[in-house]
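User: I should like to understand how the descriptive terms used for a protein model are justified. Please take me through the reasoning step by step.

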Amino acid sequence: MTQNKEAYLQSVIGAMDTLLSVFPEEATLVLIDADQVRAFRNNMKVAVDIPVGTPRSALAGTISEKAFVHGRVFREERGPELFGVPYIGTSTPLRFEGQIVGVLTSAVLNQKLDMIRGCSESLAASVEEMTATSNGIASAFDAINAEMDALSGKSDTLNRDIEDIQSIIGIVQELADTSNLLGLNASIEAAHAGEYGRGFSVVATEIRRMAVQSRDSSKDIRTQLGLMQNRLKAIGADIDRIKGDMAHHSQSVKELDGAFEHIAATAGELLDKFTMQQAEPS
């Protein structure tokens, strides 16, 4: 059995160069039997060496020792402290006739995954900033919309005040017309009185003049108020248009938020996918 076990280990050693060539990135392979390191293969540009003959006891606490002791695959992701760049270590037990006779351990440089992780994290951070900005814009839209509602309310109130003034001016015009008629009647009566009605005729004429002035001024005021109302209506129409535009832009911002969330989710899924691929098997 010992010879068969040795032949099995030798067959694995003979296949290590071929196994090393299938890794997509620079890698290292180490075969360890029950006692020591039996073989080492490396195609990394990084100068690293695990001498053949290194006792297994020197590997205490490593995934190689864990795989040998527990009889299952162990995997870990490590930082750049050993090879200068992150790497993925995987250790697989080797069994011969049901017994663990060694472990085959690989260390694969993690440059692509590290780059993807960095890009994903950077993208997620950028999306978070853009989301915060779009949320700020949406809040500004809400504030502007509230101000527009308040302005529209003030415009409506002012329009009602103008209508009230128009009513008052209508009364003033009626009074002016009545005063003018009374003045005319007084002038007629003063003419009938002859010499005795001259003083009263002067007063009646002045009343008619003031009545005409009041009526003309009232007309001018009503005209100006009418113009003001037309301007207020135009302002109201502009407010409604601006509110409509803001509602459209607000909806666009919400859609942009949805796109940001989708990008963030995609970046997270991408990162999770690659992380799960390197996770330790259960």
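User: Where does Asp 33 lie, and why is Asp 33 called buried or exposed?

Analyst: In this predicted model, Asp 33 belongs to strand 1, which covers residues 27–33. The relative accessible area of Asp 33 is 9%. A residue counts as buried under 20%, so Asp 33 is buried.

User: What makes the approach of the side chains of Asp 33 and Arg 38 a polar contact?

Analyst: The side chains of Asp 33 and Arg 38 are joined at 3.2 Å. The cut-off for such a pair of N or O atoms is 3.5 Å, and one atom must be able to donate a hydrogen while the other accepts it. The distance of 3.2 Å lies within that limit, and the pair is therefore a polar contact. In addition, a polar atom of the Asp 33 side chain lies 2.7 Å from the backbone nitrogen of Gln 36.

User: Which residues does Asp 33 touch, not counting those up to four places away in sequence?

Analyst: Asp 33 touches Leu 9, Arg 38, Arg 56, Phe 68, Val 101 and Gly 102. One of these, Phe 68, is a buried residue of helix 2.

User: Which residues of helix 2 are buried, and what do they pack against?

Analyst: Helix 2 spans residues 63–70, and its buried residues are Ile 63, Ser 64, Glu 65, Ala 67 and Phe 68. They pack against strand 1, strand 3, strand 4 and strand 5. Just after helix 2, Gly 71 has a positive phi of about 70°.

User: How do you know that strand 3 and strand 4 pair, and in which sense do they run?

Analyst: Strand 3 and strand 4 share 5 bridges. Pairing requires at least two bridges, so these strands are paired, in the antiparallel sense. Within this region, Arg 78 stands opposite Tyr 87 of strand 4.

User: How many bridges join strand 4 to strand 5, and what makes strand 4 mostly covered?

Analyst: Strand 4 and strand 5 run antiparallel and are joined by 10 bridges; Gly 89 stands opposite Ala 107 of strand 5. Strand 4 is described as mostly covered on the basis that 8 of its 10 residues are buried.

User: Where does Glu 97 lie, and why is Glu 97 called buried or exposed?

Analyst: Glu 97 is found in the loop between strand 4 and strand 5. The hairpin of these strands has 2 residues between them. The relative accessibility of Glu 97 is 57%; the term exposed applies over 50%, and Glu 97 is therefore exposed. Its phi is positive, at about 55°, although Glu 97 is not a glycine.

User: How many aromatic pairs does the structure hold?

Analyst: The structure holds 1 aromatic pair. The pair consists of Tyr 8 and Phe 96.

User: Why is the pair of Tyr 8 and Phe 96 called tilted?

Analyst: The ring centres are 5.7 Å apart, and the limit for a pair is 6.5 Å, so the rings qualify as a pair. The angle between the planes is 35°. Stacked would require an angle under 30 degrees and edge-to-face one over 60; the angle of 35° fits neither, and the pair is therefore tilted.

User: What makes this pair a link between distant parts of the chain, and how covered are Tyr 8 and Phe 96?

Analyst: Tyr 8 lies in helix 1 and Phe 96 in strand 4, 88 residues apart. Tyr 8 has a relative accessible area of 23%, between the limits of 20% and 50%, so Tyr 8 is partly exposed. Phe 96 has 14% and is therefore buried.

User: How do you know that Leu 225 is buried, and what is it in contact with?

Analyst: Leu 225 lies in helix 4, residues 198–277. With a relative accessibility of 8%, under the cut-off of 20%, Leu 225 counts as buried. Beyond its neighbours within four places in sequence, Leu 225 is in contact with Ile 162, Ile 165, Gln 166 and Ile 169. Leu 225 and Glu 163 are 62 residues apart in sequence, but their C-alpha atoms are 8.5 Å apart in space.

User: Where does pLDDT stay under 50?

Analyst: This holds for residues 278–282. Where pLDDT is low, predicted coordinates should not be read in detail. For the protein, the average pLDDT is 77.

How values were computed. Residues are numbered from 1 along each chain as its sequence is written. This is a predicted model: local features need pLDDT of at least 70, side-chain atom pairs count only at pLDDT 80 or more; totals for chains, interfaces and linings use all residues. Side-chain values use heavy atoms; hydrogens and water are left out. pLDDT is the predictor's confidence in each residue, from 0 to 100. Contact means heavy atoms within 4.5 Å. Helices (H or I, at least four residues) and strands (E, at least two) are DSSP runs, numbered from the N terminus. Buried means under 20% relative accessible area, exposed over 50%, partly exposed in between (1.4 Å probe, protein chains only). Rings of Phe, Tyr and Trp (its six-membered ring) pair if their centres lie within 6.5 Å; planes under 30 degrees apart count as stacked, over 60 as edge-to-face and the rest as tilted.
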